[in-house]
Amino acid sequence: MMGEVTAGAAVACLGVAVGLMGGPYSGARRAQLLLAGGGAVGSGPPSWPELAGELRRLRGRWRPEWWAPVVGLALAVLGASVLPVVAGAAVVPLLRRVRRAGRARRAREGRADAVIALCGALAGEVRAGRQPGEALQRAAQDSGGLGPAQATVLAAARFGGDVPRALAAAARQPGADGLLGLAACWRVAVDQGAGLASGLDRLEGALRAERDQRADLRAQLAGPRSTAVMLAGLPILGLLLGAALGADPLHVLLHTGPGLGCLLVGGALEAVGMWWALRIVRNAEAT
């Protein structure tokens, strides 16, 4: 069994080495360079800028969740079992979901900041004496707060369309809820002749206060979140201590009946505990 796992690890390492050296299409790339006049094939090792560029491209294609199979493969070699490889592959979709959720949250926060900047820029343009349509066009180009719906909103502002409706449609984007307030300010200013700049100032202040409140809440919840992550890592610390004492915990967990039972029950309790702790944090943020 140990020989099979070692052979599998060697094949995986060989595949990674082939990918780093250029992959299955490296010969085709060399031919393209030769025909394009990029230099003779085999003229020498790549220069440092070329190597740095390849490393940056490799890092751009690498995803954090891919470390799970790598760690599983290492544990499989150490513990002479295929269970860590299976577990590492099973964790990849969960880690990918977490990464995408984090990316969506950052995009949502960035769009909210862009809406705040749009309100401030639009108020400044209106105070400078420009008409609301022209001011919206200039402010949108500077801040980018309208996102993908910018062309629709600017077309409505330029050709006398329904700007509040276009802003309300743009507010459906995640993080762009502040555009609903902008649509209300625009409607009141156009229909009733109220001051658009003063309404935008109040809207910007309210959006900034809401953003600061969310940031303060996130800072207060950083402690419980870190505590949950630290508690989740304690079993790994226990395995390291057992290995340091010569107890061979991987063999006990992966090759004995009681060890497998403890591994399954402990893994289930670990997953439930992490889910419950993160659920409490998410509910607090939503509230």
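These entries record what I looked up in the structure above.

**Basis.** I worked from a predicted model, in which local features need pLDDT of at least 70 and side-chain atom pairs count only at pLDDT 80 or more, while totals for chains, interfaces and linings use all residues. Residues are numbered from 1 along each chain as its sequence is written, and side-chain values use heavy atoms, with hydrogens and water left out.

**Helices α6 and α7.** I took helices as DSSP runs (H or I, at least four residues), numbered from the N terminus. I looked up the axes of α6 (residues 132-143) and α7 (residues 150-158), which come within 8 Å and cross at roughly 160°. Axes here are lines fitted to C-alpha atoms over the stretch in contact, and angles run from 0 to 180 degrees between N-to-C directions. The two helices are therefore roughly antiparallel (an angle over 145 degrees). I then listed the contacts (heavy atoms within 4.5 Å). From α6, Gly133, Leu136, Gln137, Ala140 and Gln141 meet Gln150, Val153, Leu154, Ala157 and Arg158 of α7. These residues divide into five nonpolar, four polar and one charged; Ala, Val, Leu, Ile, Met, Phe, Trp, Tyr, Cys and Pro count as nonpolar, Asp, Glu, Lys and Arg as charged, and the others, Gly among them, as polar.

**Leu182.** I placed Leu182 in helix α9 (residues 178-192). Leu182 is buried (under 20% relative accessible area, 1.4 Å probe, protein chains only), with a value of 0%. Leaving aside neighbours within four places in sequence, I found Leu182 in contact with Leu118, Leu122, Leu167, Leu200 and Leu203. The C-alpha atoms of Leu182 and Val115 are separated by 9.1 Å, although the two are 67 residues apart along the chain.

**Positive phi.** Most residues other than glycine have a negative phi. I noted Ala80, whose phi is positive, near 55°. Ala80 lies in the loop between α4 (67-79) and α5 (83-127) and is buried, at 16% relative accessible area. Asp248, also not a glycine, has a positive phi of about 55°. Asp248 lies in the loop between α11 (234-244) and α12 (249-255) and is partly exposed (from 20% to 50%), at 43% relative accessibility.

**Aromatic rings.** I searched for pairs of Phe, Tyr and Trp rings (for Trp the six-membered ring) with centres within 6.5 Å, and the count comes to one. The ring centres of Trp275 and Trp276 are 6.0 Å apart with planes at 50°, so the pair is tilted (neither under 30 nor over 60 degrees). Trp275 is partly exposed at 47% relative accessible area, and Trp276 is partly exposed at 46%.

Notes
Angles under 35 degrees count as roughly parallel, over 145 as roughly antiparallel, 65 to 115 as roughly perpendicular and the rest as oblique.
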